[in-house]
Amino acid sequence: MLISLKNQKILVIAPHPDDEVIGCGGLIARAKREGGKVFVLYFTVGAAKDFSRKGSSTAGERILEMHRVARFLKIDGYRLAFPGDDYHLRLDAIPQREIINEIEQGKKISLESIRPTILLTCDPNDYNQDHRAASLATITAARPVPNTFKSLPRIVLTYKHSVGTWTTNAVPSAPNLYVGLSPRDLAAKLAALRLYRSQLKHPRGPFSPYAVATLAKLRGLQAGLDYAEAFSLKRLVT
């Protein structure tokens, strides 16, 4: 890989617990295996009805799963910025400046507190309103300015979900950066995803381990590898 993950400090913006695993869980596992540091800023979680046998999940369930996944992946630090039903699936109703402020200068996990070298966020054309709000706020927070007083991540990437072809764009954007995964990295990603038990619906649904593993194989084929994750590169400063 042209960009070594060994000494990187990586900040992942995850609108909800499980987005970090689905979008870049393999990169997280690889970075930790190679000696990098990974931090996650989760935005919101709450009770939600869903199309599953149980029909719903609670905030308590998802927060417990978040803690388990963070321990399993050996995340170096993480924080939930907007807990509660008032924010869950309503990030688009929060003033963007509040979300931007959390990314730029929020407590413990933010651009200024972590000063990451790599910043990841979700795709701005995702069909989920929370994902779009988080992505747009991240891009604004990472805007290019002189880094005398502000942290400026040298690499900014957006990640896609396994249903990334279903977007608000008429023509989905193609990824332009691939991160190769070892079998061990992919296994860690799938194991972490299974820890989000409340979010697993159909065994062959778009967010299932089956779907995620299948996409990793497809991304690998696209990059001439066995397995990979794909991203859109927004900035690279060398």
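## The largest cavity

The largest share of the lining of the largest cavity comes from H7, which supplies four residues. This is a predicted model, and the cavity in question has a volume of about 90 Å³. H7 has company here: H1 and strand E9 (227–236) also give at least two residues each to the lining of the largest cavity. If you would like to find the spot in the structure, look for Ile22, Gly23, Lys160, Leu181, Lys189, Val212, Leu215, Ala216, Arg219, Ala228, Glu229 and Ala230, which line this cavity. Sorted by class, those lining residues are seven nonpolar, one polar and four charged.

## A second cavity

How many cavities of 30 Å³ or more does the structure hold? There are three. The second largest cavity takes up about 80 Å³ of space. Its walls are formed by Asp123, Asn125, Asp126, Tyr127, Lys160, His161, Val163, Gly164, Trp166 and Thr167. The lining of this second largest cavity splits into three nonpolar, four polar and three charged residues.

Lys160 is worth a look, since Lys160 is among the residues that line the largest cavity and is also listed in the lining of the second largest cavity.

## The largest pocket

Turning to the open spaces, the largest pocket has a volume of about 660 Å³. It is lined by 27 residues, and those lying nearest its centre are Tyr127, Asn128, Gln199, Lys201 and Phe207. Helix H1 (19–34) and strand E3 (48–49) are the elements that give two or more residues to this lining. By class, the lining of the largest pocket has ten nonpolar, ten polar and seven charged residues.

Two names from the cavities come up again here. Tyr127, one of the residues nearest the centre of the largest pocket, also lines the second largest cavity. H1 contributes at least two residues to the lining of the largest cavity, and helix H1 gives two or more to the lining of the largest pocket too.

## The second largest pocket

The second largest pocket has a volume of about 320 Å³. Which residues sit closest to its centre? They are Ser52, Lys54, Arg197, Ser198 and Leu200, out of 16 that line the pocket. Strand E4 (56–57) and helix H2 (59–72) both provide at least two residues of this lining, and H2 gives the most, with four. The lining of the second largest pocket is made up of four nonpolar, four polar and eight charged residues.

## H6 between two partners

Helix H6 (residues 183–195) packs with helix H7 (residues 209–223) at an angle of about 155°, their axes lying 10 Å apart. An angle over 145° counts as roughly antiparallel, so H6 and H7 are roughly antiparallel to each other. The crossing of H6 past H7 is right-handed. On the H6 side, Leu186, Lys189, Leu190, Leu193 and Arg194 meet Pro209, Val212, Ala213 and Ala216 of H7. This contact of H6 with H7 comprises seven nonpolar residues, no polar ones and two charged. Lys189, Val212 and Ala216 take part in this contact and are also among the residues lining the largest cavity.

H6 also packs with H2, at an angle of about 160° and with the axes 9 Å apart. H2 and H6 are therefore roughly antiparallel to each other. The contact brings Glu65, Arg68, Val69 and Phe72 of H2 together with Ala188, Ala191, Ala192 and Leu195 of H6. Its residues divide into six nonpolar, no polar and two charged. Here, too, the crossing is right-handed, with H2 passing H6.

## H3 against H5

Helix H3 (residues 96–105) and helix H5 (residues 129–141) pack at an angle of about 60°, and their axes are 9 Å apart. H3 and H5 are therefore oblique to each other. H3 passes H5 in a right-handed crossing. From H3 the contact takes Gln96, Ile99, Ile100, Ile103 and Glu104, while H5 brings Ala133, Ala134, Leu136, Ala137, Thr138, Thr140 and Ala141. In this contact of H3 with H5, eight residues are nonpolar, three are polar and one is charged.

## Ile3 and its contacts

Finally, a visit to the segment before strand E1 (9–14), where Ile3 is found. Leaving aside residues up to four places away in sequence, Ile3 touches Gln8, Ile155 and Leu236. Ile3 and Thr238 are 235 residues apart in sequence, yet their C-alpha atoms are 9.9 Å apart in space.

Note on methods
Residues are numbered from 1 along each chain as its sequence is written. This is a predicted model: local features need pLDDT of at least 70, side-chain atom pairs count only at pLDDT 80 or more; totals for chains, interfaces and linings use all residues. Side-chain values use heavy atoms; hydrogens and water are left out. Axes are lines fitted to C-alpha atoms, for helices over the stretch in contact, and angles run from 0 to 180 degrees between N-to-C directions. Angles under 35 degrees count as roughly parallel, over 145 as roughly antiparallel, 65 to 115 as roughly perpendicular and the rest as oblique. A crossing is left-handed if the near helix is turned anticlockwise from the far one by less than a right angle, and right-handed if clockwise. Contact means heavy atoms within 4.5 Å. Ala, Val, Leu, Ile, Met, Phe, Trp, Tyr, Cys and Pro count as nonpolar, Asp, Glu, Lys and Arg as charged, and the others, Gly among them, as polar. On a 1 Å grid over the protein atoms alone, a cavity is a set of points where a 1.4 Å probe fits but cannot get out, and a pocket is an open set with protein on both sides within 12 Å along at least five of seven lines; lining residues have an atom within 4 Å of a point. Grid points are joined across faces, edges and corners, and a volume is the space filled by probe spheres set on the points.
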